[in-house]
Amino acid sequence: MSGDPTPALAPHGLRCAHLAEPLGIGDPAPLLAWRLSSSRRGAAQARYRVRVWTVPARPAEGEEQVWDTGEVADPDAVSVRYAGAPLRPRTRYRWEVAVTGADGATAAAASWFETGMLGPAEWRASWITHDTGDLDVVDAPEEGELALADHGLQPAIRLRRAFRTAAAPVRARLYVTARGLYEMRLNGRRAGDAELAPGWTDYRDRVDYQVYDVTALVTAGENVLAGTLADGWWSGFVGFDPRRLGAHYGDFPELLAELHLDYADGAHEVVATGGDWLTRRSPVRYADLLKGECHDLRRETPGWDRPASGGTASSGTAFSGTGWLPAQVTGTDHGLLTAAVAPPVRAVEELPARAVTRTGADRHLVDFGQNFAGRVRLHARGLTPGARVVIRHAEALDDDGGLYTDNLRTADATDVLIAGDDPEAVFEPRFTYHGFRYAEVTGLAELDAADITGVVLHNDTPWAGEFACSDPDVERLYQAIRWGQRSNFVSVPTDCPQRDERLGWLADAQVFLPTACLNADVAAFFAGWLREVRGAQSPGGAFPNVAPRLAGVADEGAPGWGDAGVIVPWHLYRVYGDERFLADNLDAMRAWVDHVHRHNPDLVWRHRVGPHFADWLAPEPTPREVVATAYFARSAGLTARAAGVLGRRDAEERYGALARDVRAAFAEHFVTPDGRVAGDTQTGYLLALAFGLLPEGLVRPAAHRLAELVEAAGPGITTGFLGVGLLAPVLDECGRPDLAHALLRRTDPPSWLHPLRHGATTIWERWDGYTEERGFQAAAMNSFNHYALGSIGEWLYQGVAGLGQAPGSAGYRELLIRPRPGELDWARAAYESVRGTVRTAWARADGELRLEVAVPPGATAIVHVPAGDPGGVREGGVPVAEAAGVEVLGTEPGALRCRVSSGDYRFTAADPAAALRAAAPAAHIHRGAGPRFEEDT
Ligand code: BGC
């Protein structure tokens with residue numbers, strides 16, 4: 001930390017394994033990463049040095065350095081994989097990165113990470129549960145309420161263990177997991193803030209554990225470690241398979257926990273789950289992700305999570321052993337325990353009730369103004385003993401203003417509070433979640449807006465991007481896209497949060513991924529999910545359609561679905577620059593491509609297409625073989641490129657040759673000599689263009705035809721899930737951003753703004769989920785919170801605001817700043833890339849267009865400055881040719897192209913609007929450099 005007092009370059013945003021200050025790292029060689037910022041143009045890192053030390057629980061023991069990279073001359077690196085002394089389990093490490101700029105000045109930043117168990121041998125806890133013979137039957141359904149009888153719902157259970165400490169520990173960590181869902185408490189206080197933990201994995205393959213710092217919760221003397229266990233994905237209802245309602249993995253939940261205590265005198269103690277725990281039925285009569293949760297306050301056991309001495313018998317708050325039984329030990333198997341890699345689900349935001357309307361004597365309708373995934377917290381008043389308060393949830397209202405729940409299918413999404421003696425109670429279910437905007441509360445004579453709050457749940461992936469523009473409709477669309485992401489990143493990337501589905505559908509995830517990565521840092525979230533995708537691969541190499549895989553949901557991946565196993569790791573590599581995404585997945589990617597190839601030796605993918613969903617929910621069908629073969633080529637090509645990045649030359653050549661052959665087969669079977677793609681649909685051309693499947697001379701005719709089709713439709717959209725994300729980027733690349741803008745502005749279906757005109761606050765599953773003429777689409781499949789069609793979000797950043805990464809670049813080493821103003825007045829975007837902050841902002845006024853660009857240190861950017869007169873562009877007030885750090889590359893219709901190094905730039909140019917309007921847009925396809933897609937590089 002020497003040198004210049006205001007160094008040009010400074011590291012910030014330190015992450016380990018893509019997480020800030022993580023507890024419980026299980027990777028023996030985690031990635032240590034930093035971002036760079038700079039106040040000076042052209043600043044770049046010349047070298048870096050990373051050092052790592054242990055941080056002992058007892059400061060007296062002193063730190064020990066375990067790694068020093070030494071000075072590494074590398075202008076590009078913004079991360080390094082730990083390669084020091086073997087990491088020890090359950091140990092905190094402090095690390096520091098010092099970066100030295102080209103000017104010789106050094107700046108440093110520090111962070112920490114902590115390892116988890118690092119292997120099954122570290123564990124000593126037993127799996128424990130309640131005596132299932134002691135379970136009671138759920139209340140019989142009341143008229144008009146839930147059909148509980150056939151649900152087989154069972155109570156959540158409570159567990160506790162009292163222990164004594166001679167002194168307060170200097171460090172206390174809780175390592176905990178469940179087959180089911182757990183919530184842990186220490187001395188009456190919540191331990192950790194993870195929700196729906198340990199999350200959904202294929203529990204037959206792995207069970208994630210979490211680690212919490214509970215040092216502040218343990219005291220000298222009597223302590224109680226306690227928890228509640230519910231069914232969750234383990235033994236509750238998951239998905240829609242009618243043959244197997246619930247209990248996909250097991251019948252009853254189990255807990256496994258270890259509390260590790262370090263004392264100032266060097267002693268170390270462990271309190272672990274085992275036969276010395278007590279268990280009891282909890283007041284949670286049942287809790288199910290799809291059905292809802294029922295909390296019966298008459299069964300509350302005061303003081304259950306505190307030491308017996310912590311309350312008084314007279315006040316009824318002391319723990320009494322009544323009804324508690326010794327825990328049943330069900331096993332000591334630790335072989336499947338894995339450290340969680342994703343940020344947990346958390347209660348990330350609270351939404352106030354926007355409106356509360358009385359709809360009956362004891363019934364109120366609450367509108368939170370936003371469709372979201374989560375639960376409510378209800379402050380109930382005026383309760384009489386045994387009274388039931390029932391909360392139902394819905395995304396929409398029917399024509400009579402009541403809850404519209406038909407589209408939830410068998411997900412009851414109903415929570416019930418049964419009152420005890422107290423006239424007031426706060427009810428917030430913990431082991432369920434719903435997708436909803438409206439809640440109907442029955443059983444309370446009075447309900448004020450202040451009495452009810454929406455609690456938003458999702459994986460706590462840090463926000464990375466922001467977009468705004470002058471069109472309020474487009475801004476609302478952008479917000480709906482973000483809410484779609486938030487509502488569907490709940491443990492795994494789901495299709496929807498409301499109905500009896502909520503599955504990790506692979507195509508939904510891959511088409512939305514580029515947008516998701518711009519909105520938030522989803523590296524760790526997807527690293528976690530990819531374990532499920534790989535784990536669900538069949539021995540023959542078929543990726544699944546959903547991950548975690550689920551018996552009964554069509555197992556063998558369909559085109560575009562199974563291919564997510566290739567596309568997702570590749571895209572994550574491109575965004576985050578971490579080769580581990582490729583190294584971890586390359587074998588699986590190869591096996592998938594081999595599987596498709598083996599069954600389709602003539603290179604047209606006709607066989608083993610799984611449930612072939614084609615261009616799902618498209619208004620106009622694209623021939624199935626066109627869709628499938630395009631994806632075959634795409635997966636083979638990306639597998640070759642992944643192999644290339646990893647230096648696996650044989651595989652690179654083999655899959656590269658296969659990709660070329662599949663492209664040739666595509667052209668031979670599906671492309672006419674004048675560039676028509678079989679079926680003549682938007683999606684056919686989009687796939688062919690975006691995936692580079694057309695012979696050189698046919699790209700422009702195909703692009704032209706695509707534009708014609710879009711124009712002929714209105715301009716309009718005829719794509720489904722697989723085509724939609726490509727529409728705007730491909731039209732843009734083909735010189736027709738005007739058409740992309742036209743689609744964006746459209747308000748009748750199919751369009752992005754149609755749902756917003758009908759009150760949508762999230763993206764709908766279907767273009768016509770509701771229309772004025774017909775009302776709601778078929779209830780059997782009509783989610784109002786599916787993110788797939790929200791994949792236009794990528795182009796809002798990359799096209800409208802112009803913030804993107806150049807083809808061929810990884811980890812934002814080379815940016816592509818190419819705003820497409822259309823008829824907007826201004827737009828801006830900011831993105832926290834792995835290298836540092838990227839910003840673009842443009843605005844037009846008085847015939848002038850200004851473009852501001854910020855490029856992080858170590859990156860370069862190709863900037864297309866929209867300009868009516870490309871020769872007259874200025875930067876920082878001087879002609880662009882004279883500006884420092886700017887290299888002019890050339891001009892194109894309506895823009896000047898230049899390359900800039902890191903730093904902040906302000907371009908000004910004559911507003912291109914007039915010039916662009918004058919040019920016949922279709923002509924652009926035949927001029928300039930021609931379309932350039934990622935696949936070409
Ligand atoms: C899901 C989709 C999924 C599809 C497969 C639907 O039920 O909600 O989003 O991709 O099935 O076609």
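**Loops, a ligand and some strands**

Me: Between which two helices does the loop holding Pro 548 lie?

Reply: This is a predicted model, so take the geometry as a prediction. A cis peptide bond joins Pro 548 to Ala 547, with omega about 0°. Most peptide bonds are trans. As for the place of Pro 548, the loop runs between H4 and H5 (564-576).

Me: Which residue is joined to Gly 714 by a cis peptide bond?

Reply: Here too omega is about 0°. The residue we want sits in the loop between helix H11 (699-712) and helix H12 (721-733). The partner of Gly 714 in this cis bond is Pro 715.

Me: Back to H4: is Phe 525 buried or exposed?

Reply: Phe 525 belongs to helix H4, which covers residues 523-535. Leaving aside neighbours within four places in sequence, Phe 525 is in contact with residues including Ala 342, Pro 343, Asn 459 and Phe 489. The relative accessible area of Phe 525 is 2%, and the cut-off is under 20%, so this residue counts as buried.

Me: How far apart are the C-alpha atoms of Phe 525 and Ser 491?

Reply: Ser 491 is among the contacts of Phe 525, along with Val 492 and Pro 493. In sequence, Phe 525 and Ser 491 are 34 residues apart. Their C-alpha atoms are separated by 8.3 Å.

Me: On to the ligand. Which oxygen distance does Asp 508 give?

Reply: The residues around the ligand include Asp 508, Trp 561 and His 786. For Trp 561, a polar side-chain atom lies 3.2 Å from a ligand oxygen, and for His 786 an N or O atom of the side chain is 2.9 Å from one. With Asp 508, the distance from a polar side-chain atom to a ligand oxygen is 2.5 Å.

Me: What share of the ligand's exposed area does the protein bury?

Reply: Start with the side chain of His 786, which puts an N or O atom 2.9 Å from a ligand oxygen. On its own, the ligand exposes 310 Å². Of that area, the protein buries 96%.

Me: How many residues of the shell around the ligand are charged?

Reply: Names in the shell include Asp 495, Arg 499, Glu 501 and Glu 765, as well as Trp 505, Phe 613, Trp 616 and Phe 721. Sorted by type, the shell has five nonpolar residues and one polar residue. The charged ones number five.

Me: Is Leu 617 buried or partly exposed?

Reply: Leu 617 sits in the loop between helix H7 (586-599) and helix H8 (624-645). Its phi is positive, near 65°. Most residues other than glycine have a negative phi. Relative accessibility of Leu 617 is 24%, and buried would need under 20%, so Leu 617 counts as partly exposed.

Me: And what is the relative accessible area of His 18?

Reply: His 18 has a positive phi as well, about 70°, although it is not a glycine. You'll find His 18 in the loop between strand E1 (9-16) and strand E2 (23-25). His 18 counts as buried because the cut-off is under 20% and its relative accessible area is 14%.

Me: How many residues of helix H10 are buried?

Reply: H10 spans residues 682-690. Its buried residues include Tyr 685, Leu 686 and Leu 687, and what covers them includes H8, helix H9 (649-670), H11 and H12. After the helix comes Gly 692, with a positive phi near 65°. The buried count for H10 is nine of nine.

Me: How many bridges join strand E4 to strand E8?

Reply: E4 (residues 45-55) runs antiparallel to E8 (residues 92-101), and one bridge pairs Gln 45 with Gly 101. E4 is also joined to E5 (residues 64-68) by four bridges, with Arg 51 opposite Asp 68. Two more link E4 to E6 (residues 72-73), where Tyr 48 partners Val 72. For E4 and E8, the number of bridges is 10.

Me: Which strands are the edge strands of the six-strand open sheet?

Reply: The order in this antiparallel sheet is E14-E13-E16-E11-E19-E22. Inside it, E11 (residues 157-165) and E19 (residues 278-281) pair over four bridges, and Arg 160 stands opposite Leu 278. An edge strand pairs on one side only, and that description fits E14 (189-190) and E22 (325-326).

Key
Residues are numbered from 1 along each chain as its sequence is written. This is a predicted model: local features need pLDDT of at least 70, side-chain atom pairs count only at pLDDT 80 or more; totals for chains, interfaces and linings use all residues. Side-chain values use heavy atoms; hydrogens and water are left out. Buried means under 20% relative accessible area, exposed over 50%, partly exposed in between (1.4 Å probe, protein chains only). Contact means heavy atoms within 4.5 Å. A residue is near a molecule or strand if one of its heavy atoms lies within 4 Å of it. A polar contact is a pair of N or O atoms within 3.5 Å; within protein, one must be able to donate a hydrogen and the other to accept it, and residues adjacent in sequence count only if both atoms are side-chain atoms. Accessible areas come from the Shrake-Rupley method with a 1.4 Å probe; for residues, only the protein chains shown count as cover. Ala, Val, Leu, Ile, Met, Phe, Trp, Tyr, Cys and Pro count as nonpolar, Asp, Glu, Lys and Arg as charged, and the others, Gly among them, as polar. Two strands pair if DSSP finds at least two bridges between them.
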